[in-house]
Amino acid sequence: MSALSEEINNTLINVLRGFASPDNEVRAAAESSLNQDWITPENIEVLLIFLSEQASFSQDLTSAALSAVLFRKLALRAPPSSKTVIIAKNITHISGNALAQIRATLLKGFISERPSNIRHKLSDAIAECAQDDLPDWNELLQTLVEALKNQDPNFRESSFRILSTVPHLTNAVDISNIIPIFEAGFTDSNDDVKIAAVTAFVGYFKQLSKSHWSKLGVLLPSLLNSLPKFLDDGKDEALAAVFESLIELVELAPKLFKDMFDQILQFIDILIKNKDLETPARTTALELLTVFSENSPLMCKSNQNYAQSVIADTLLMMTEVSIDDDEASGWRESDDAEEDEEEVAYDHARQSLDRVSLKLGGKYLAVPLFQYLQEMINSNEWRERFAALMALSSAAEGCRDVLVGEIPKILDMVLPLINDPHARVQYGCCNILGQISTDFAPLIQRTSHNRILPALISKLTPNSIDRVQTHAAAALVNFSEHANHAILEPYLDDLLTNLLTLLQSNHLYVQEQALTTIAFIAEAAEKKFIKYYDTLMPLLLNVLKLDVDGSNRVLKGKCIECATLIALAVGKEKFSEHSQELVNLLMIYQNNGIQEDDPIKTYLEHGWSRICRILREDFLPLLQIVLPPLLETAKATQDVSLIEEEEAANFQQYVDWDVVQIQGKHIAIHTSILDDKVSAMELLQVYSSVLKNLFARYVSEIMNDVAIPSIDFYLHDGVRATGAGLIPVLLSCLIASEGTQNEEVQNLWQTSSAKLIAGIMSEPMPEITQIYHTSLVDVIAAMENHCLNDELQARFTKGVSANLTDVFERVKQRHGEDDEYNEDIDQEFEDFTDEDLLDEINKSLAAFFKSTNGAYLTHFQTLWPLVSTFLQDNEVILILFALVAIADMVHYSGEQSAPFKDLCMSKVTSFLVSPESSIRQAAAYAIGICAQYAPASYADICVASLEPLFQVVNIPDAKSDENQTATENSSAAIAKILHSFNTIPNLDTYIANWLQTLPITVDEEAAAFTYRYLSHMIDSNSGIVSDPSNIPVILDYVVQALHHKSISGKNAEAVVQSTKRLLSTLSQQDAMALLQRYPQEFMPAIQLWFS
C-alpha cells in the first residue's frame, strides 16, 4: 500500500505518463509541472517517495524504469534551496522518516519479482540511498548477502553492482567472511556476474586499509583464471571489462601481482597475437601491460620477459595499418594530415611504447627494441618497415639516455627509407627525423644538420605525395625550433623555394603546413630571413586580401601567424614597409565580427601581440580595437554542469569538455573556455610587459575582473597559475605610471596581496603554491619597502607554516618505509617539485624580511619550530631550506637575530664539512652572511669557522663541477670573515691562504664580494697582495673571472681599476707580457677591460 494519498499518486502518475508521451507539448508540460510544482523544498520528499514506490511496484514497466532513473537523478541533485550545487544532495537533506520509508520501499522492490533491467535500475537507486554520508542501513547488507545466493543470476549481478558503488557496506564484516563472497563471484557460471564481482572487488580493495591487502591475495588466482575461459568462449567484451578492473588494481598495488607476473605476460601475448579478437579486448590488454611499467618499473625491469613482450606486442599492433589496402590508397587520399583515427590498435601501440620507454628508459629497452627494428627495417613487407620507423619515433624520447650517443648509427639505419618505394614508409621516415630533432636537440642540430635537412628538403618536391610533403614540412618545424640562424642559413634558399611551391598546392592542409614551417624557419633564422622578406610578405598580404569574409579561415590564420612571425624576425625597420598594410588587414578581420568558434580568432589574437612586440609604443592606438574581445575571453567564468552518469561518456568524447566525479556526482567542465581564458591572460601579460606605463589605464579592470578572481578557479590549474603570474606585471604597469603611493595602486596592492596569501594558505597543488609565492615576491618588489602591514605578515606566516608542514609530511611519506605493494615511481619528480616550492618560500621570506627592514622577525619566531625541525632533519632539501632561511634572517635582521644564535649556529657550522656539497655551500653562505651583517653577535662563530672553511676549499677535488659552488661560497665566506675581523691573529697567513682559493668563475654572488675584497686589499696596499711575485697570480684570478663573466658591471670596473694600479708597479713591457700570455679565447675580455 502506498504511503501517499490517492490524489497525490494520481497527479504524479499523470505527470509521469506525460514524460513518456510521444507528444513534445505533453512532455514539455510534464517537465514544467515536475520542476515548478514538485521539485521544491516542500514537495521533494513526497516526489522521491512516489518515485521509489513506482520503481519498486508499478506494473507499467516503462513507468517503473523511468521512475528509477528519475529517482537517482533527483536524489543526486542539490536541494532547491541549496547554494552548493556540486556538493549538496537531496537524499542527504530529506527527513530521517522519509529516508527510512524510501529505503524500505526500494528494498522490497529489489527482492520482488522484477524484470532484470528494472532490478538493475533499482540497484542504482538503492546505492544512492546507501552512501557513506547517510545513516547506516544494516538491512541492506543482509539482503545483498541473501541475494548473492539466489539462483537467478540477475539478483547476484545486481547485488555486486550495489557493492561496487558502496563498498563501505562491508567495512564492519571480517575479511574472512568477505573472501568467499568474491570467490563465488569470480567462479560464477554467469559472465555478467563475474564482471560485476570483479568491479565490486576493486571497489572493496580501494577502500580497504593496506594492512589487509595481503589477505586478499588468495583471490587473485580465481580472478585471473576467469580470463582464459572468456578467451576460449570468444567473450571479447567480458575480457575488456575484466582487464579494465585489473588496470585499476595494478594502479593501486602492482606488486600484488608479482608472483603471477609471468603468467599475465604470457596470457597478454596470446591475446594480442589473436587478431580475430575485437580491438577493445586487445587494446585493454596492452594497456594493462603498459600500466605495469608506469606503476612498477622496477618489477618490469627485473623480469626478463617484460621487455620482449611489450616490444613484440606493440610492434605487431603497429603493423596493423591500411588493412586490406596494400597501396594505402585510403591513407594517400585523406585530406587529414593527422593519423587515421580508424587505426585504433596501431595508435594504442604507439602510445604504449612511448609511455613504457619513458618509464623504463633506454638502458633497459634499447637493446631488445633494436633487435627487432634491424630486422623490420630490412623487411620486404612495407608495413614492417613503417612500424619500425614509428616505433623508433615512439621510443626515442624515453630512450634518449642511450640513443643520443648513437645518432650517426640511427641516421644510417633510417635515412635510406626516405626514398622507400612506399609513400607511407617515406612518411614514417619524415616522422622519425622530426621526432629525434626534438628529442635529441640541440645536439642533433649541431652535428647532423647536413644529413637531416637535405633529406627532408628532398621530400618537399612535387616528386612526393601531398601527405609526405606535409609531414616533411612538419618535421622541419621540429628541427627549426632548436636550430640557430647559422645552422639554417646554408639551406634557406632550398627550403624557401620548395615551401613556396607547396603554397601552390590544391590541398589546404598542405598550404597550411607550408605556412607554419615558413613561420618557424623565419623565427629561427632571425635577421638572415630579410633576404626572403620581399618575396614572402607581399604574397601573404595578397592571400589575406582575398575573400576576407569567406572560407579557408585556418589558411588565413596561418597567413597571419606567418606574416607576424616574419615581421618579428626581420625587425621594425624592415617591417615598416608593410606594417600599416598588415595592420589595416588585421583590423578588417577584427571588425568583421569573429565568432567564438572561428579558427582565425586565436591566430588574430596572437598576431596582434606580435605586432605589439614590434611596434611597442606605436601600438598604443590599436589597443582600443584589440583589447575588448580579448578582455571578453579573459573574463570567462567557470562553466560547470551537473550531468547524468549516462551523459558522462558523451561529454568525454568532446575535447572541449572534461568530466570529473565529486561526491558521486558527474561534473562537466567546459575546459576549452578556460583554456581560451588562459591564452587571453597570457596575451594580456604580453601587452602589459611591452607597453608598461602606457598600459596603466587598463590595469584596474583587468586586475579586478580577471587576474585576482582567477585564484578562485579551483577546477582549472592553468587559470590560477596564469592569473597569479599576471598580477605583478599589471601592478608594475600602474606603479610605473602613478607611483606606489597612488590610491588605486594601494587598493590593488591590498586586494591582490591578500588574494595571493589566501591562495598560499589553501592551494592544494605545490606547483601553483610556488607560483603564488613567486608572484607575491614580485609584487612586493614592485611596491618597494614598507608595504606590509602586521595583518598581512601574520596571514602570510600562517600560510607559510601550512606550506612547510605539508612539504615535511610529503617528504616523510615519500622517504618512509618501503611499500610492499607500490614503488616510489614519482618520488624524484615530487622531490623536485617540493624543492622548487621551498626555494620560492625562501625567496618570499627574504622579501618579507627585506620589505620590513627585518621587523618580520617577530612573525618569523612562530615559524622557528618548523625551521628548526628542518635543520635537524637528514633530508637535503629540508636542511637547505633551513640554512637559507637562517641566512636571510641574519641578512635582514642583523644583530637583532642574536637570540636565535644558540638555537642553530652549532648545527650550521657542523654542516660546513657535510659530505653533501649543496649543504656545504649553504652553510658557508650562512656563515659569510653572519660575518657580513651581524659581526658583533656572531664573531666567535665566524672566526672559529675559518678552519673548517679552509678544509672545504682544500679538498682534493674542490674545483670539480660537483664541488665548485661549495668551494666558491666557502672562499667568499672566508673573505667576509677576514674583512669583518681584520684584527684576528695571523691575519696575513689567512689572507695568503685565502688568495690560493681563487679564482671564482661560477657563483656570481660569491664572486661579487670576493673580488670587491680583493680590490680593497690592493687599494689598501696589502703587503701580501702587493708582493711582485703575487701580481701575475692576482691578475690571472681577475682575468679568469672576467672571461667567465662571474663579475660584471661596477664590481668588474672596481677590481679592474685596482688591478691596473697593481700592474702599474711593473714596467710596461712586463705588464704587457702578462696580459699577452693568454690563449685567444681570453683576448676579447682582456681587450675590453685592459685596453
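**Group meeting: domains, a salt bridge and some unusual backbone**

Across the interface of domain 3 and domain 4, 2 residue pairs are in polar contact, both at pLDDT 80 or more. A polar contact here is a pair of N or O atoms within 3.5 Å; within protein, one must be able to donate a hydrogen and the other to accept it, and residues adjacent in sequence count only if both atoms are side-chain atoms. On the side of domain 3 that touches domain 4 there are 5 nonpolar, 6 polar and 2 charged residues. In that sorting, Ala, Val, Leu, Ile, Met, Phe, Trp, Tyr, Cys and Pro are nonpolar, Asp, Glu, Lys and Arg are charged, and the others, Gly among them, are polar.

This is a predicted model, where local features need pLDDT of at least 70 and side-chain atom pairs count only at pLDDT 80 or more, while totals for chains, interfaces and linings use all residues. Residues are numbered from 1 along each chain as its sequence is written, and side-chain values use heavy atoms, with hydrogens and water left out.

Back to the interface. Domain 3 covers 636–787 and domain 4 covers 833–985, with bounds from an automatic or database domain assignment. Contact (heavy atoms within 4.5 Å) links 13 residues of domain 3 with 13 residues of domain 4. About 1,100 Å² is buried between domain 3 and domain 4, and carbon and sulfur atoms give 67% of that. Buried area is the accessible area (1.4 Å probe) that two parts lose on being put together, summed over both.

How many salt bridges are there between domain 3 and domain 4? The count is 0. A salt bridge needs a side-chain nitrogen of Lys or Arg within 4 Å of a carboxyl oxygen of Asp or Glu. By this rule the model has 38 salt bridges. One of them joins E581 to K545, with the closest N and O atoms 2.6 Å apart. E581 is in helix α33 (579–591) and K545 in helix α30 (530–545), so the pair ties together parts 36 residues apart in sequence. Helices are DSSP runs (H or I, at least four residues), numbered from the N terminus.

Now the backbone. Most peptide bonds are trans. The bond from A441 to P442 is cis, with omega near -5°, and P442 lies in the loop between α24 and α25.

Technical notes
Helices (H or I, at least four residues) and strands (E, at least two) are DSSP runs, numbered from the N terminus.
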